[in-house]
Amino acid sequence: MKRSEIAIIGGGPSGLMAAEILSMQNHSVTVYDSMPTVARKFLLAGKSGLNITHSEDFERFADRFGAASQQLRPALDAFTPADVRVWAEGLGTETFVGSSGRVFPKAMKASPLLRAWIKRLEAQGVRILTRHRWTGFAGQTLTFDTPDGHKTVHSDATLLALGGASYPRLGSDAGWATALRDAGVDVTDFRPANCGFDVDWSDAFRERFAGEALKSVTATSEAGTIPGEFVITRHGIEGSLVYAHAAHLRDRLEMQRSAALSIDLAPGRTVERLAKDLARQDGKMSFSNRLRKGAGLEGVKSALLREIVPDASRSDPKALANLIKALPITVVRPRPIAEAISTAGGVRWNAMDDAYMLKALPGIFVAGEMVDWEAPTGGYLLTACFATGRAAARGIVAWLQR
């Protein structure tokens, strides 16, 4: 096969994975990144352990991507969570399955894996050029702003792997959307995903409990009933349990302008049991003591109940038990997109062919969070970024052969 010049714009997981596949096919591959170093969001994720994938049944895993599950399925079939673990181990990173089913490197950080990955890419001839910010197209060439000034690059095929709109300080600022729209590509606006939400807390509650975690609770929305924990913030609520419901809360706010997350503060007890235990408490006790002795609620859990229902102390035992089992936290709006772990939106699926090539721009491919899909946290995001990078690389190889 003729040795082709391939430009990959964006040095995150999707771009680096595509570079690996393409360089193995003996193509000349250059990765361009706007930041001083590549994969900055990947490294940030690694600070909390680098949740690289998930061990759950693959059919269930592949269905976690909502409306985009069907479109993503071929890429995920070709690079499954099991394949992710084999790939990581090939770079000297052993993985393990945590108690939640999430998969982590035994080292519990991203930097050793990234260093080994870059070393292998460079050994395969991949060039990585940092501080190269892509500014658009000039006819058949790509244009960049670099430390040495304006630069144009010709490539035989190009992969755009520029990320979504979350964590813009790490390089993903969605600045590419204008250039693609101007070229006739259908790009939908970005929205926050896996994000916190604003809640109208009282000043007293905010000052006393911001930073406190609610542990051993369940939360219910259209996403289902999920156990976990979350944190009270000065603005509202944040944390893994909130992220699990974020897409549904966001969509309901957009459609109906109101949404609530139902919290079970005592998931180990039934309403009937709680009602009986509360009824046995001396009515002369303080409300705090009745909640502590009758329902096991104290601290932030007790305070949250009183914050949401200020006259809860007047409720009879059955009504109070119902509140404890389904306390509605009304959310006002998602937190700003720059704070979100990930985003929904981007290049629409109908703007690409099955090989991730843009229909309006032959020879230009896209992958990763640029594409309009979203997923919960838990290893799904990173696995799909790897998988779409590989799928786009295979698309590039097939297109060059044609």
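Two strands count as paired if DSSP finds at least two bridges between them. On that basis, the predicted model contains an open sheet of 7 strands. The strand order is β17-β16-β13-β14-β15-β12-β18, and the pairing is antiparallel. Strands β17 (327-331) and β18 (333-334) stand at the edges. Each has a single partner strand, so one side of each is left without a neighbour in the sheet.

Within this sheet, β13 covers residues 213-221 and β16 covers residues 259-264. The two strands pair in the antiparallel sense over 3 bridges. One bridge can be placed by residue: Thr218 is partnered by Asp264 in β16. Two helices pack on the sheet. Helix α12 (residues 299-308) touches β13, β14 (224-232) and β17. The direction of α12 makes about 45 degrees with that of β13. Helix α13 (residues 317-325) touches β16 and β17. The direction of α13 makes about 110 degrees with that of β16.

Leu261 gives a view of the sheet from a single residue. Leu261 lies in strand β16. With a relative accessible area of 1%, Leu261 is buried, because buried means under 20%. Beyond residues up to four places away in sequence, Leu261 touches Ala219, Thr220 and Ser221. The contacts of Leu261 also include Ile237, His245 and Leu249. Leu327, Pro328 and Ile329 are touched by Leu261 as well. By contrast, His54 is 207 residues from Leu261 in sequence, and their C-alpha atoms are 25 Å apart.

Helix α13 also packs against another helix. Its partner is α10 (residues 271-279). The axes of α10 and α13 are 8 Å apart, at an angle of about 130 degrees. That angle makes α10 oblique to α13. The crossing of α10 and α13 is right-handed. On the α10 side, the contact involves Val271, Leu274, Ala275, Leu278 and Ala279. On the α13 side, Pro317, Lys318, Leu320, Ala321, Asn322, Ile324 and Lys325 take part. The residues of this contact divide into 9 nonpolar, 1 polar and 2 charged. Helix α13 thus appears in two settings: α13 packs on the sheet at β16 and β17, and α13 packs with α10.

A second helix pair is formed by α5 (residues 81-90) and α6 (residues 111-123). The axes of α5 and α6 come within 10 Å and cross at roughly 75 degrees. That makes α5 roughly perpendicular to α6. Helix α5 contributes Trp87, Ala88 and Gly90 to the contact. Helix α6 contributes Leu113, Trp117 and Arg120. The residues of the α5 contact with α6 divide into 4 nonpolar, 1 polar and 1 charged.

Two hairpins share strand β8. Strand β7 (residues 133-138) and strand β8 (residues 141-146) pair in the antiparallel sense over 5 bridges. Gly136 has Thr143 of β8 as its bridge partner. The hairpin of β7 and β8 has 2 residues between the strands. In this turn, Gly139 has a positive phi of about 65 degrees. Strand β8 also pairs with β9 (residues 149-153), again antiparallel and over 5 bridges. Here the bridge partner of Leu142 is Val153 in β9. The hairpin of β8 and β9 also has 2 residues between its strands.

Two further residues illustrate opposite surroundings. Ser14 lies in helix α1 (residues 13-24). At 5% relative accessibility, Ser14 counts as buried. Leaving aside neighbours within four places in sequence, Ser14 is in contact with Leu159 and Ala161. Ser14 also contacts Ala367, Gly368, Cys385, Thr388 and Gly389. Asp63, in contrast, is exposed, with a relative accessible area of 55%. Asp63 is found in the loop between α3 (58-62) and α4 (69-78). The C-alpha atoms of Asp63 and Ala375 are separated by 9.5 Å, although the two residues are 312 residues apart along the chain.

These elements belong to a chain with 14 helices and 20 strands. The C-alpha atoms fill a box of roughly 85 × 40 × 35 Å along the principal axes. Of the 402 residues in the chain, 53% are buried. Among contacts with a separation of 6 or more, 69% come from residues 24 or more positions apart.

Key. Residues numbered from 1 in each chain as written. Predicted model: local features only at pLDDT ≥ 70, side-chain atom pairs only at ≥ 80, totals over all residues. Heavy atoms only, no water. Helix = DSSP H or I, 4+ residues; strand = E, 2+ residues; numbered from the N terminus. Contact = heavy atoms within 4.5 Å. Axes fitted to C-alpha atoms, helices over the stretch in contact; angles between N-to-C directions. Parallel < 35°, antiparallel > 145°, perpendicular 65-115°, else oblique. Nonpolar A, V, L, I, M, F, W, Y, C, P; charged D, E, K, R; others polar. Left-handed = near helix turned anticlockwise from the far one by under 90°. Buried < 20%, exposed > 50% of the residue type's maximum accessible area, 1.4 Å probe, protein only.
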